[in-house]
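Please look over the sequence and the model below before reading on. The briefing then goes through charged pairs, aromatic rings and a strand.

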Amino acid sequence: QVQLVESGGGLVQAGGSLRLSCAASGRTFSRYAMGWFRQAPGKEREFVATVTRGGGSTYYRDSVKGRFTISRDNAKNTMYLQMNSLKPEDTAVYYCASKDASIYSGSYYFRLPTDYDYWGQGTQVTVSS
């Protein structure tokens with residue numbers, strides 16, 4: 001079992017930046033593909049970004065490309081989401097998620113919430129205009 005804990009959310013003005021972190025328990029972090037999702041009030045949870053097990057490949061939703069950067073440090077069991085040029089429409093609760101991808105070779109991008117096995121509790125990001 002993996003436990004995920006997000007941190008780094010907060011209130012920021014439009015155009016500002018935040019860095020989210022997702023700390024994972026356990027010694028097998030490198031088995032897991034990792035992803036960030038977000039959910040705004042009254043909306044479905046949506047994919048934001050994903051990173052492969054080794055961190056070498058990433059994939060983003062179109063609306064955050066060029067503004068957000070996903071990364072991971074397997075030695076620290078931690079994943080990050082650097083968010084720049086934030087917009088009010090980025091306001092949401094942000095969740096990190098993990099998927100055991102040890103059986104996959106190559107770069108697979110998991111973009112559906114149902115692809116993932118474990119979830120964090122979420123961290124609120126609010127962008128004011």
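Over the face of which ring does Arg-72 lie? Arg-72 lies over the face of Phe-29, at 4.4 Å from the ring centre. The model is predicted. A search of the whole structure finds six salt bridges and nine aromatic pairs.

**Charges over rings**

- Besides the placement of Arg-72 over Phe-29, the charged end of Arg-19 sits over the ring of Tyr-80.
- The distance from the charged end of Arg-19 to the centre of the Tyr-80 ring is 4.0 Å.

**Salt bridge between Arg-31 and Asp-100**

- Arg-31 and Asp-100 form a salt bridge, and their closest N and O atoms are 2.8 Å apart.
- This pair links distant parts of the chain, since the two residues are 69 residues apart.
- Arg-31 is in the loop between β3 (18-24) and β4 (32-39), whereas Asp-100 is in strand β9 (residues 92-100).
- Arg-31 has a relative accessibility of 34% and counts as partly exposed.
- Asp-100 is also partly exposed, with a relative accessible area of 24%.

**Salt-bridge network**

- Five residues take part in a network of salt bridges: Arg-38, Glu-46, Arg-61, Arg-67 and Asp-90.
- Within it, Glu-46 and Arg-38 meet through their side chains in a salt bridge of 2.7 Å, N to O.
- Glu-46 is partly exposed, at a relative accessible area of 26%, while Arg-38 is buried, at 6%.
- Asp-90 and Arg-67 also form a salt bridge, with 2.7 Å between the closest N and O atoms.
- Asp-90 lies in the loop between β8 (78-83) and β9, and Arg-67 in the loop between β6 (58-60) and β7 (68-73), so this pair ties together parts that are 23 residues apart in sequence.
- Buried means under 20% relative accessible area, so Asp-90, at 0%, counts as buried.
- Arg-67 has a relative accessibility of 9% and counts as buried.

**Aromatic rings**

- Tyr-104 and Phe-110 form an edge-to-face aromatic pair, with 5.2 Å from centre to centre and 65° between the planes.
- The rings of Tyr-108 and Phe-110 have planes at 15° and centres 6.4 Å apart, so this pair is stacked.
- Phe-110, which appears in the edge-to-face pair and in the stacked pair, counts as buried at 7% relative accessibility.
- Its partners are partly exposed: Tyr-104 has a relative accessible area of 26%, and Tyr-108 has a relative accessibility of 42%.
- One aromatic cluster is formed by Phe-37, Phe-47, Tyr-59, Tyr-109, Tyr-116 and Trp-119.

**Surroundings of Ser-57**

- Ser-57 is placed in the loop between β5 (46-51) and β6.
- With a relative accessible area of 17%, Ser-57 is buried.
- Leaving aside neighbours within four places in sequence, Ser-57 is in contact with Thr-50, Val-51, Thr-52, Ser-107 and Tyr-109.
- Tyr-109, one of these contacts of Ser-57, is also a member of the aromatic cluster.

**Strand β1**

- In a regular strand the side chains alternate between the two faces of the sheet.
- Strand β1 (residues 4-7) shows such alternation: Leu-4 and Glu-6 point to one face and are buried, while Val-5 and Ser-7 point to the other and are not.
- β1 pairs with β3 in the antiparallel sense, over four bridges.
- Ser-7 has Ser-21 as its bridge partner in β3.

Definitions and conventions. Residues numbered from 1 in each chain as written. Predicted model: local features only at pLDDT ≥ 70, side-chain atom pairs only at ≥ 80, totals over all residues. Heavy atoms only, no water. Salt bridge = Lys/Arg side-chain N within 4 Å of Asp/Glu carboxyl O. Buried < 20%, exposed > 50% of the residue type's maximum accessible area, 1.4 Å probe, protein only. Contact = heavy atoms within 4.5 Å. Pairing = 2+ DSSP bridges. Phe/Tyr/Trp six-rings, centres within 6.5 Å; stacked < 30°, edge-to-face > 60°. Lys NZ or Arg CZ within 6 Å of the ring centre and 35° of its normal.
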